[in-house]
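Q: Hi! Could you walk me through this structure? I'd like to start with the charged pairs and then move on to the interfaces.

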Amino acid sequence: MAEVAFIIIAAITLASAFFVVFSSNLMYSGVALFFTLFGVAGLYVFLYADFLAATQIMVYVGGIMVLILFGIMLTNKIASTDLRQANRGRFMAGLSAFILFLLISAIAVTTQWHTGSPQFLDTTVAKLGMMILYQYLLPFEVASILLLAALIGAALLSRKK
Amino acid sequence: MGEYFKNIYTGLQSFIAGLQLSLHHYHSRKKLVATLQYPHEKWPVEERHIGFDLQEYNVVRSRLHVDINDCIGCNQCVRACPVDCITIESVKPPKGSEFDPGTTSNGTQKRMLVARFDIDLTECMFCNLCTYPCPEDCIYMVGGPNSAKHQIEYEYSKRDRKDLIFRFANPSEEEIIAAGGADYLAKKKGLPPPEKPAAEPKAKPKTAEPKINYEPVNAITDRMTRSLAKKAYTAAVRAGKTASETAVAVKQALEEAGKYSSDLDTVMESIGKAELMTQAGPAPEKKVVEQPAGGLDIKLLNDLTDRMTRGIAKKAFMAATREGQDAKAVVRSIQTALEAADKFTDEVKAVLAKLESPGEAPVKPAAAPKTAAPALNIKVLNGISDKMTRGLAKKTFMAAQRAGKSPADIVTEVKETLEDAGKLTPEFAKIIDSLREDA
Amino acid sequence: MNSVIDSMMKIFGSLGTGNSALGLVLAVVIAGLVVFTIMAVMAIVAVYFERKVSAFMQDRIGPMEVGIFGFKGGKQFWGGIGQTLADTVKLLVKEDILPKEADKKLMIMAPFIIFIASFLTFIGVPLSDGLVVSDFNIGVFYIMAAGSIGVIGIILAGWSSNNKWSLYGALRSAAQIISYEIPIGLSLMLVVIVVGSLNFGDIVAWQADHRWFFIHSPFAFIAFIIYVIAGVAETNRTPFDIPEAESELVAGWMTEYSGFRWSIFFMSEYANVLIISIIASIIFLGGWLSPLAIFGVHVSWLEGPLWGLFWIFSKAVFFVFVMMWFRWTFPRLRVDQLMYFCWKVLIPFALANLIFISVWELIF
């Protein structure tokens with residue numbers, strides 16, 4: 001049962017990801033990205049990472065996606081439904097993607113994965129919080145300072161002179 | 001910074017004040033509600049007053065109305081109408097027919113039966129020209145000087161445009177046939193005229209139908225309900241049901257149409273007690289015609305089984321009574337008439353004997369004339385200050401008055417209605433009481 | 001873990017189907033149908049309720065004529081109970097119009113995305129003790145996340161209609177919903193800090209042990225008010241209904257929709273109202289606890305799942321009424337006022353609240 005569900009979700013993720021790349025309509029690509037991000041959230045659920053899945057939806061679907069759609073809508077002629085992406089430089093893009101794919105595969109193959117029966121965690125939230133605020137405090141703080149700087153920069157740029 | 005918090009504080013204050021206001025309206029909805037549920041309740045509209053005396057001059061001209069019982073079918077109004085919105089068709093009884101179209105309230109003997117009297121109010125332009133030539137004053141604009149005859153009607157919206165053709169005359173087929181209108185009826189239905197038995201056209205005298213007493217049904221104020229009730233009532237009476245059965249039938253019909261309400265209970269009661277058929281109409285002249293000095297009852301002749309015999313007997317009876325003969329002479333003339341027709345049998349003899357002895361004849365009391373309520377003065381109600389209450393009070397008053405209730409009943413009814421609506425204050429109650437003292 | 005799906009699967013298992021996959025599919029389908037029915041019925045009832053409440057607040061009486069099988073409801077004021085049912089039938093048989101120049105694929109898809117958002121949210125909302133389709137550990141966070149999907153649908157609906165009103169409505173709506181999610185999240189975070197769990201069951205259990213959250217501390221009360229205000233804004237209702245402001249944007253992002261698709265928007269909107277109300281009653285008003293528990297009175301026969309359902313719905317209906325009450329009291333805010341109110345009033349207060357409640361928890 002779980003396998004069937006996994007295959008369906010993975011298929012949705014992959015198919016919509018292909019659509020994102022190959023669709024010539026920019027808006028459709030954006031919408032396909034919505035399904036990709038949603039599918040990734042589904043894959044997190046299979047890893048018992050419920051908090052991460054919810055965060056994925058909240059941040060990427062509810063935040064980033066909206067931003068992307070806003071961007072597409074506002075940078076083109078608003079009233080036009082004819083938003084096209086040209087897909088220029090296919091060769092270079094394909095090459096870099098292939099190199100990236102090789103890199104990731106190499107990492108996936110060489111990594112020592114933790115094997116064994118899946119461990120069921122009653123609640124992941126408390127553990128996550130502890131790890132972020134103890135073990136990984138520095139990256140967390142760096143990320144937050146980066147975001148704060150971006151926020152201030154955006155406010156500064158958009159201010160009327 | 002101080003201003004920031006001050007703004008939040010005033011914001012909260014107005015927030016709460018606003019909520020209080022709308023909650024107040026929500027809670028006192030029963031008092032504050034301004035909606036009138038239009039088709040169910042209407043404002044009574046006073047007639048405009050533009051300087052004329054309304055009793056003399058009809059300012060409003062809201063709608064034409066015909067008192068069809070008074071119409072003699074003279075076609076004067078049809079000729080007067082500039083837009084031809086009136087259609088009259090009448091059936092003249094053949095000579096020698098016994099059909100009696102009745103008399104008008106002015107005492108004029110009608111000569112024909114008005115089979116159709118349609119006014120197309122989609123065409124009517126309210127010029128009032130048709131009302132002047134009417135010799136019986138039976139066509140008039142409602143309201144104004146005629147408000148005693150018919151209440152003002154300022155709107156008559158219908159679901160279908162066809163319903164705006166008001167059909168005032170609605171005689172039954174039997175009545176039309178009785179008046180000799182078989183041809184007319186056939187034409188109306190698009191059939192070939194029935195073949196008349198040419199040999200003896202007068203040998204088939206029609207029995208005059210006893211009139212159906214509509215008085216109890218007429219007490220219903222709502223027009224549509226009344227017509228429905230009348231239909232059911234007529235059908236029931238024709239089927240020979242007793243009074244109480246008729247009342248049940250009428251109630252059932254109204255309930256089916258969803259028009260029955262508890263205010264109609266009294267009407268149903270009066271139907272249950274009423275006499276369904278009246279030989280004698282309310283007009284005194286008629287009584288003289290049908291009940292001669294001898295106190296003979298023509299109904300007794302109905303006991304005769306043979307139709308022809310009955311017809312001849314009745315004819316002779318009528319002729320004799322009209323001449324003012326006394327009982328014995330009447331019987332004798334019937335006898336001779338029957339003998340001449342070779343119809344005098346033992347049965348006839350027995351019936352005639354019965355006819356002759358008036359003591360045995362069941363004397364039907366005429367329907368008690370309604371005692372008209374001593375007119376209460378509706379103007380007293382103008383003392384009520386609240387518009388809605390006044391409207392409600394007037395509406396109830398009118399309805400009660402139309403139903404022919406006594407002054408005391410009217411006053412209590414008005415009060416009860418207001419109380420139900422939660423509008424009765426001691427001040428208003430005093431005004432309503434003064435209605436009675438005023439009368 | 002005590003959810004409807006789990007118990008249904010247990011029942012199917014005991015029936016001896018032996019096939020757990022089939023049981024799961026069956027349980028999911030049944031639960032989905034039930035949630036859908038609740039949403040549809042809620043929309044129909046809420047529309048009637050809304051029309052009546054608005055009428056009463058405006059000294060009118062609202063619908064009075066339509067009944068169900070001849071039964072019209074109350075005589076004087078609560079008549080016309082069949083009105084919304086008739087309206088629904090009318091809406092469903094209406095012609096479904098797609099504008100010629102619109103992006104038809106996205107336009108058809110948009111209502112379903114919005115509907116899926118409300119539907120997914122509803123799955124995590126408990127209706128009583130143990131009466132939840134799926135009981136999440138991260139309940140509060142899940143509802144926040146699932147609720148944020150709806151924005152995508154709104155943007156798509158507005159853009160694909162190819163209509164300026166729709167587009168402006170969608171932009172405003174997206175900006176508003178994203179902004180007001182922050183005060184909602186921050187005020188819910190208060191509860192999480194105090195209780196130490198994201199699970200709705202734990203939150204109610206804490207309130208049963210201690211006290212209802214809105215009287216927990218002054219800061220909790222402020223958070224409660226912030227939540228209610230932001231919740232109203234989140235559902236795009238007056239006075240925060242600038243995305244569909246009739247006088248300027250016709251109907252906002254719903255302008256080009258009609259018939260069945262429009263009724264899906266409508267249903268989701270009222271489902272969102274119900275969700276916001278239920279969450280407010282769970283988190284701040286003790287959820288399925290009886291109101292007597294406030295005074296420390298525990299009547300055993302007033303508790304249990306069915307009574308819990310009753311309590312939670314009466315609290316939710318109260319919130320729905322409050323939202324309608326707001327709607328017929330306050331005029332619509334301007335766009336800049338709306339943003340000012342969110343970013344300069346609600347969010348600072350919510351943040352300060354968060355700090356103060358942490359201190360409060362440390363002290364007491």
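Q: Which residue forms a salt bridge with C:E50?
A: C:E50 forms a salt bridge with C:R327, with 3.0 Å between the closest N and O atoms. The rule asks for a side-chain nitrogen of Lys or Arg within 4 Å of a carboxyl oxygen of Asp or Glu. Please keep in mind that this is a predicted model, where local features need pLDDT of at least 70 and side-chain atom pairs count only at pLDDT 80 or more, while totals for chains, interfaces and linings use all residues; side-chain values use heavy atoms, with hydrogens and water left out. Residues are numbered from 1 along each chain as its sequence is written, and chains are lettered from A and ligands numbered from 1 in the order in which they are written.

Q: Where do C:E50 and C:R327 sit in the chain?
A: C:E50 is in helix 2 of chain C and C:R327 in helix 12 of chain C, so to speak of a link between distant parts of the chain is fair: they are 277 residues apart. Helices here are DSSP runs of H or I with at least four residues, strands are runs of E with at least two, and both are numbered from the N terminus.

Q: Is each one buried or exposed?
A: C:E50 is buried, with a relative accessible area of 4%, and C:R327 counts as partly exposed at 24%. Buried means under 20% relative accessible area, exposed over 50% and partly exposed in between, using a 1.4 Å probe and protein chains only.

Q: How many salt bridges are there over all chains?
A: The search of the whole structure finds 9. In chain B, a network of salt bridges links B:E89, B:R116, B:D118 and B:R167.

Q: What are the distances for B:D118?
A: B:D118 meets B:R116 at 2.8 Å, N to O, and B:R167 at 2.5 Å, N to O. B:D118 lies in strand 3 (residues 113-120) of chain B and B:R167 in strand 5 (residues 165-167) of chain B, so that pair ties together parts 49 residues apart in sequence. B:D118 is buried at 3% relative accessible area, B:R116 is partly exposed at 26% and B:R167 is exposed at 54%.

Q: Back to chain C. What is it built from?
A: Chain C has 13 helices and 0 strands. Of its 364 residues, 56% count as buried.

Q: Now the interfaces. How many residues of chain C and chain B are in contact?
A: 21 residues of chain C are in contact with 19 residues of chain B, where contact means heavy atoms within 4.5 Å. The two chains bury about 1,900 Å² between them, 69% of it on carbon and sulfur atoms. That area is the accessible area (1.4 Å probe) that two parts lose on being put together, summed over both. C:D59, C:F77 and C:W325 supply 30% of the area that chain C buries against chain B, more than any other three residues.

Q: How many salt bridges cross between chain C and chain B?
A: The rule finds 0 salt bridges across that interface.

Q: And what about chain A with chain C, which residues take part by number?
A: The contact takes 30 residues from chain A and 29 from chain C. Together they bury about 2,700 Å², 82% of it on carbon and sulfur atoms. Across this interface the rule finds 0 salt bridges.

Q: Which element of chain A gives the most to that side?
A: Helix 3 of chain A does, with 14 residues.

Q: Last topic: how many aromatic pairs are there over all chains?
A: The structure holds 37. Rings of Phe, Tyr and Trp (its six-membered ring) pair if their centres lie within 6.5 Å; planes under 30 degrees apart count as stacked, over 60 as edge-to-face and the rest as tilted.

Q: Why is C:F219 with C:F356 called stacked?
A: Their ring centres are 5.2 Å apart and their planes are at 15 degrees, so the pair is stacked. C:F219 is in helix 9 (residues 218-234) of chain C and C:F356 in helix 13 of chain C, 137 residues apart.
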